[in-house]
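Me: I am new to this structure. Please take me through it, and give the reasoning behind each label.

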Amino acid sequence: MATTHTVGIIMNGVTGRMGTNQHLKRSVADIRDQGGVKVGDDTIMPDPVLVGRNPQKLEALAAETGVENWTTDLDRVLADDRYSVYADFQTTDRRVAAVKQAVAAGKHIYCEKPTALNTADALELHRIAESAGVKHGVVQDKLWLPGIVKLKRLIDQRFFGRILSVRGEFGYWVFTGEDAEQPAQRPSWNYRAEDGGGIIFDMLCHWRYVLDNTFGKVRSVSCVAAVLLPDRLDENHEHYEATAEDAAYATFEIDGDILAHFNSSWCVRARRDDLLTIQVDGTDGSAVAGLRGCLAQSLADTPRPVWNPDVAQPIDYYADWTPVDADDQFENAFKIQWELFLRHVVLDEPFRWGLLEGAKGVQLAELGIQSWKNRAWKQVVDLEV
Ligand SMILES: NC(=O)c1ccc[n+]([C@@H]2O[C@H](COP(=O)([O-])OP(=O)(O)OC[C@H]3O[C@@H](n4cnc5c(N)ncnc54)[C@H](O)[C@@H]3O)[C@@H](O)[C@H]2O)c1
């Protein structure tokens, strides 16, 4: 007989950018709208309760997404057995305390990255979740981006021969708020170090799992960063001092003698295929992955340029690249990971993107900051659990 497994999910911080767009609308609400996660004849159905501080916002968001339950009383829902999962998309500085409270209440944990603002705290979350016997997952959405999935396929097919280097270019112009026509598009806490902001913590967490899972383990990091725009306007149109770095240039040594370099900046204008591009160069071919697409150039298709600034460039360097699996359809990356986590909770299927993986991201970010401040390479040691 077909069974429906209802999974009650406390969604905290759901009124924020990530909570609303990626976790509620494009994941949990979408899974509900599609009739749940089908497992043979059975169905896993998420049953969320939206949690936050502002009743008006919660009520409106619940109505918009067809969700029945919302509350401003976190303690009450943590004490409610109908909810077995606590999901956290609050600002980073609130994560550790909230996750600890939820583990103490016996909830499984699913949360955004960074899981903490230092490695010790991030590891502690892993330890307490393990010793409480609850399941846990940390967002590693980039692993399910179509562009990166396609890149991984090329690696698995040995398309590149020997991989020589990896270059990531991430960024776009984030408006300062000064221009009335163009309000700031990231919350102001992102630019305040004292509030857990900064592009190193934001992005090196991602680069850790992308590199570890796609190319090889990250062994060391050298990072330099800058506060390029120290004055921005906040949500109330008031000036504040941006104390956190808004650009970071990091080089990583990874297993297999591969060098990876990632530029991450909120102060650049994009003139490339996508907001994130990762170029991989190998002896037999190269590829450039964006968020969705991936273009490859084999050795046979590689043009032979001649350096001559005296004539117009005869080669179109954007030609001679072949789209990889252009017709394949992909689900939203956050939704894919949510479905895997729900299957882990209900069916006990393996799920390897937990709080220890989250702690590795925090570790790389912390080392990136230290490298910048001390102008030194930092070794990435295996975390002791
Ligand atoms: N996976 C990704 O690609 C990705 C991208 C951006 C941000 N993030 C992470 O997601 C998290 C949220 O980022 P965001 O951009 O959605 O931020 P946001 O500022 O839009 O949302 C933060 C949420 O936390 C809540 N909150 C803040 N202060 C609070 C307080 N004092 N009490 C109760 N609730 C409070 C807000 O109400 C809001 O719901 C951050 O940890 C960030 O690093 C992840």
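**Labels and reasons**

Reply: Start with the sheet, in what is a predicted model. Nine strands make an open sheet, in the order β17-β16-β15-β14-β8-β13-β12-β9-β18, and the pairing is mixed.

Me: What makes β17 and β18 edge strands?

Reply: Count the partners. β17 (322-323) and β18 (378-379) each have a single partner strand, so one side of each has no neighbour in the sheet.

Me: How do you know that β8 and β14 pair, and in which sense?

Reply: A pair needs at least two bridges. Strand β8 (residues 163-171) and strand β14 (residues 276-282) have seven bridges, in the antiparallel sense. E169 has T277 of β14 as its bridge partner. S165 stands opposite D281 in β14.

Me: What links β14 and β15?

Reply: The two strands form a hairpin, with two residues between them. β14 and β15 pair over four bridges, in the antiparallel sense; the cut-off is at least two. I278 has A289 of β15 as its bridge partner.

Me: Why is β14 called largely enclosed?

Reply: A residue is buried if 20 or more other C-beta atoms lie within 10 Å of its own. Five of the seven residues of β14 are buried, so the rest of the structure largely encloses this strand.

Me: Which strands does helix α7 lie across?

Reply: Helix α7 (residues 199-214) lies across β8, β9 (218-226), β12 (247-254) and β13 (258-265). The helix runs at about 25° to β12. Angles under 35 degrees count as roughly parallel, so α7 and β12 are roughly parallel.

Me: Why are α5 and α9 called roughly antiparallel?

Reply: Look at the crossing angle. The axes of helix α5 (residues 119-132) and helix α9 (residues 355-374) cross at roughly 175° and come within 8 Å. Angles over 145 degrees count as roughly antiparallel. The two helices therefore earn that label. Residues in the contact include L123 and H126 of α5, and L356 and V362 of α9. By class, the contact has eight nonpolar, four polar and one charged residues.

Me: Where is P114, and what is notable about the bond from K113?

Reply: P114 sits in the loop between β6 (108-111) and α5. The peptide bond from K113 to P114 is cis, with omega near -20°. Most peptide bonds are trans.

Me: Why is H237 called exposed?

Reply: The cut-off for exposed is 12 or fewer neighbours. H237 has 11 C-beta neighbours inside 10 Å, so the residue counts as exposed. H237 lies in the loop between β10 (231-233) and β11 (239-241). Its phi is near 65°, a positive value in a residue other than glycine. Most residues other than glycine have a negative phi.

Me: Why does D320 get the label partly exposed?

Reply: Buried takes 20 or more neighbours, and exposed takes 12 or fewer. D320 has 14 C-beta neighbours inside 10 Å, so this residue counts as partly exposed. D320 is in the loop between β16 and β17. Phi of D320 is positive, about 65°, although D320 is not a glycine.

Me: What surrounds the ligand?

Reply: 20 residues do, and the closest are G16, R17, M18, E112 and P187. Helix α1 (residues 17-33) gives the largest share of this shell, three residues. By class, the shell has five nonpolar, eight polar and seven charged residues.

Notes. Residues are numbered from 1 along each chain as its sequence is written. This is a predicted model: local features need pLDDT of at least 70, side-chain atom pairs count only at pLDDT 80 or more; totals for chains, interfaces and linings use all residues. Two residues are in contact if their C-beta atoms, placed from the backbone, lie within 7 Å. Axes are lines fitted to C-alpha atoms, for helices over the stretch in contact, and angles run from 0 to 180 degrees between N-to-C directions. Angles under 35 degrees count as roughly parallel, over 145 as roughly antiparallel, 65 to 115 as roughly perpendicular and the rest as oblique. Ala, Val, Leu, Ile, Met, Phe, Trp, Tyr, Cys and Pro count as nonpolar, Asp, Glu, Lys and Arg as charged, and the others, Gly among them, as polar. A residue is near a molecule or strand if its C-beta atom, placed from the backbone, lies within 6 Å of it.
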